[in-house]
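Colleague: Could you take me closely through one part of this model, the contact between the two protein chains, and then set the surfaces beside the DNA next to it?

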Number of protein chains: 2
Amino acid sequence: MQTDSQKKGRKLTARRTARLPVRDRILVAAGDLFHKHGIRGVGVEAIAEAADTNKMTLYRYFDSKDDLIAEWIRGMLAHKEEEWKDLNAAHAGDPQGLLQDWSRRTAAKLRAMEERGSALGNALAELPDPEHPARRAIQEFKVREHKRVVRLCKDAGFQNPNLAANLFSMLLEGAHSCVQCVGMRQFGEHLVHLVDLMVENAQQQRKAPYPTAL
Amino acid sequence: MQTDSQKKGRKLTARRTARLPVRDRILVAAGDLFHKHGIRGVGVEAIAEAADTNKMTLYRYFDSKDDLIAEWIRGMLAHKEEEWKDLNAAHAGDPQGLLQDWSRRTAAKLRAMEERGSALGNALAELPDPEHPARRAIQEFKVREHKRVVRLCKDAGFQNPNLAANLFSMLLEGAHSCVQCVGMRQFGEHLVHLVDLMVENAQQQRKAPYPTAL
DNA sequence: ATCCAATGTTACCGGTCGGTAACATTTTCG
DNA sequence: CGAAAATGTTACCGACCGGTAACATTGGAT
């Protein structure tokens, strides 16, 4: 009847993805559902429906569900890589400020993530196959990221850069795990507080090598 | 032919569970498979087979797969509660030593856990339903555990016990996440090192309130 | 030996899922 | 317009899974 393409009630996600290319709509919908119900808890049919399309079209853009999973993960990783570029651009020559900003951005995301935790961590839990491309991508990314943090800790003047970098990683990763449990909403603030303390310590160490424990 | 009950080749797990009651064999086998392949990646038939029994017997001991999952989780949590009792008994009146021992025991487990991470964390990722009894049990346990750590940090003389406790939790949880990625085998050692530093700092703070960052 | 409880065997059900084929419809664009 | 490309619709397949029923077998205690 009506040629209006906005007929019928659209899904909640559809409003956000109103005029995106189909492939992107699928990826967004898949990401939402994967994160909400778990990768294995979502069927391709539900994804297609949430993306306001159908299963056939989905399979015209992705070889398989595993391919869709991998593309979703790759998208998130690419986004995180760009955030690192932003951070590097915004804090050139100031590794301490960069680390502090990193903790603040992470804390901001933590608050909006409470119930379901980290999508990357959950993906590792749900994809046990070491050969799964999504799993490989995540692990390679984490290794790259950790190397970056070690480099930053060296530049920031930490006495023991490897130890400091591991502390950073554990703090950031641990915060993702901890927010999942009820009543622990203060982890974000404490995370940035602790990183600030670490950075202050690193600065003090340069002039006065007190045994300040980091 | 032969009445020998040890005929045929037994599964690998079967040797460890040779003469355990059926129910326990099922729980052990389920735990192994759940942790290896993910909860949703394992069928009840495979569990029964690995437990050297069959599906019907399994369903005579457990109402459903979800019940089996919950019982498995409850078993792990009970085991962890007992470990806390051991710790309290071994370090009565010495909260600092208790925390150090805790980090050491955790680090020891980390090494034998590399590939698949924490079973509890993975379970949270695989059971998105907030009403799932296993999920509720895990979250309640983590809350209890965190309260215990806060209490310990108070007794250990930390200036800011809440902050210290959150740091402890993030370190321990974060270590579980970090070991999953290739080439990060030093997290165990660094974990105990960092906890030692924290405890030393708490001791120093009592006599000399230097701004030693914790 | 006998009886009873525990365990094993087989077959089955309904449902879901990933994936494909064939065909109809709409959109885009020269 | 008209043709080609993109998208939608329906139906289907085979595989697997959680769960159950009915019946056979074993094994231990008395």
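Modeller: Two residues are taken to be in contact if their C-beta atoms, placed from the backbone, lie within 7 Å. This is a predicted model, in which local features need pLDDT of at least 70 and side-chain atom pairs count only at pLDDT 80 or more, while totals for chains, interfaces and linings use all residues. Residues are numbered from 1 along each chain as its sequence is written, and chains are lettered from A and ligands numbered from 1 in the order in which they are written.

The contact draws 43 residues from chain A and 42 residues from chain B. On the side of chain B that touches chain A, at least two residues each come from α2 (22-37), α7 (119-126), α8 (133-155), α9 (161-178) and α10 (187-207) of chain B, where helices are DSSP runs (H or I, at least four residues) numbered from the N terminus. The largest share of that side, 11 residues, belongs to α9(B). By class, the side of chain B that touches chain A holds 17 nonpolar, 19 polar and 6 charged residues; Ala, Val, Leu, Ile, Met, Phe, Trp, Tyr, Cys and Pro count as nonpolar, Asp, Glu, Lys and Arg as charged, and the others, Gly among them, as polar.

As for the DNA, a residue is near a strand if its C-beta atom, placed from the backbone, lies within 6 Å of it. Of the 15 residues around DNA strand C, those that come nearest are A:G43, A:S64, A:K65, B:T53 and B:M56, and α4 of chain A together with α4 of chain B give two or more residues to this surface. Around DNA strand D there are 15 residues, of which A:T53, A:M56, B:G43, B:S64 and B:K65 come nearest.
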